[in-house]
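Thanks for making time this morning. I would like to take you through one structure, beginning with the whole chain and then turning to a few individual residues.

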Amino acid sequence: MAYDEDLANRVRELVGREPGVTERRMFGGLAMMLRGNMSVVVRGAGGLMVRVDPADAEAALAEPGAGATVMRGRPMRGWVTVDPAACERDADLARWVDRGVRSARALPAK
């Protein structure tokens, strides 16, 4: 399944001013990389995968439309999956993208 191009363009607009942003196709979607670290992924299955500080994961998971990210049957620590409906409003999308960018920015460059 291809990722949502409209959502990808909206995410691009939000991360476009960040220095060191690149894109990479992965996980059936489009990952926004910040200095070599994934920050936000536009998922092929819809919605987003967002990097979060593990210390803030519980609060992120409590938000509407957020759920644990599971890969190969295992939860991914430091990641939250966001349903497409929770990304429809520009303010909601900006909040999620900002969270992913802040989390990736805190990591050492690769």
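What follows is a short walk through the fold and then through some residues in its strands and loops.

A word on the basis first: this is a predicted model, in which local features need pLDDT of at least 70 and side-chain atom pairs count only at pLDDT 80 or more, while totals for chains, interfaces and linings use all residues. Residues are numbered from 1 along each chain as its sequence is written, and side-chain values use heavy atoms, with hydrogens and water left out.

Let me start with the chain as a whole. Its secondary structure comes to three helices and six strands, where helices (H or I, at least four residues) and strands (E, at least two) are DSSP runs numbered from the N terminus. Read from that end, the elements run α-β-β-β-β-α-β-β-α. The radius of gyration, taken over C-alpha atoms, is 12 Å, close to the 13 Å that the globule rule (2.2 Å times the number of residues to the power 0.38) gives for 110 residues, so the chain is as compact as a globular protein of that length. Along its principal axes, the C-alpha trace spans about 30 × 30 × 30 Å.

Of the 110 residues, 42% are buried, a term that here means under 20% relative accessible area, with exposed being over 50% and partly exposed in between (1.4 Å probe, protein chains only). If we take contacts, meaning heavy atoms within 4.5 Å, between residues at least 6 apart in sequence, then 55% of them join residues at least 24 apart.

Now to the strands, and to a pair of threonines. Thr 69 is found in strand 5, residues 66–71, and Thr 81 in strand 6, residues 74–82. Their side chains are joined by a polar contact of 2.7 Å, a polar contact being a pair of N or O atoms within 3.5 Å, of which, within protein, one must be able to donate a hydrogen and the other to accept it, and residues adjacent in sequence count only if both atoms are side-chain atoms. Why do we call Thr 69 buried? Its relative accessibility is 2%, and therefore Thr 69 counts as buried; Thr 81, at 13%, also counts as buried. Leaving aside neighbours within four places in sequence, Thr 69 is in contact with residues including Met 49, Pro 75 and Trp 79, while Thr 81, on the corresponding count, touches Arg 43, Leu 48 and Met 49, among others.

Met 49 and Trp 79 come up again with Ser 39, since both are among the residues that Ser 39 touches beyond four places in sequence, as are Gly 100, Val 101 and Ala 104. Ser 39 lies in strand 3, residues 37–42, and is buried, with a relative accessible area of 2%. Its C-alpha atom is separated by 14 Å from that of Phe 27, twelve residues apart along the chain.

Finally, the loops. Which backbone angle of Arg 35 deserves a second look? Arg 35 has a positive phi of about 55° although it is not a glycine, and its place is in the loop between strand 2 (29–34) and strand 3. Arg 72, in the loop between strand 5 and strand 6, likewise has a positive phi of about 55° without being a glycine. As for their surroundings, Arg 35 is partly exposed, at 33% relative accessible area, whereas Arg 72 is exposed, at 86%.
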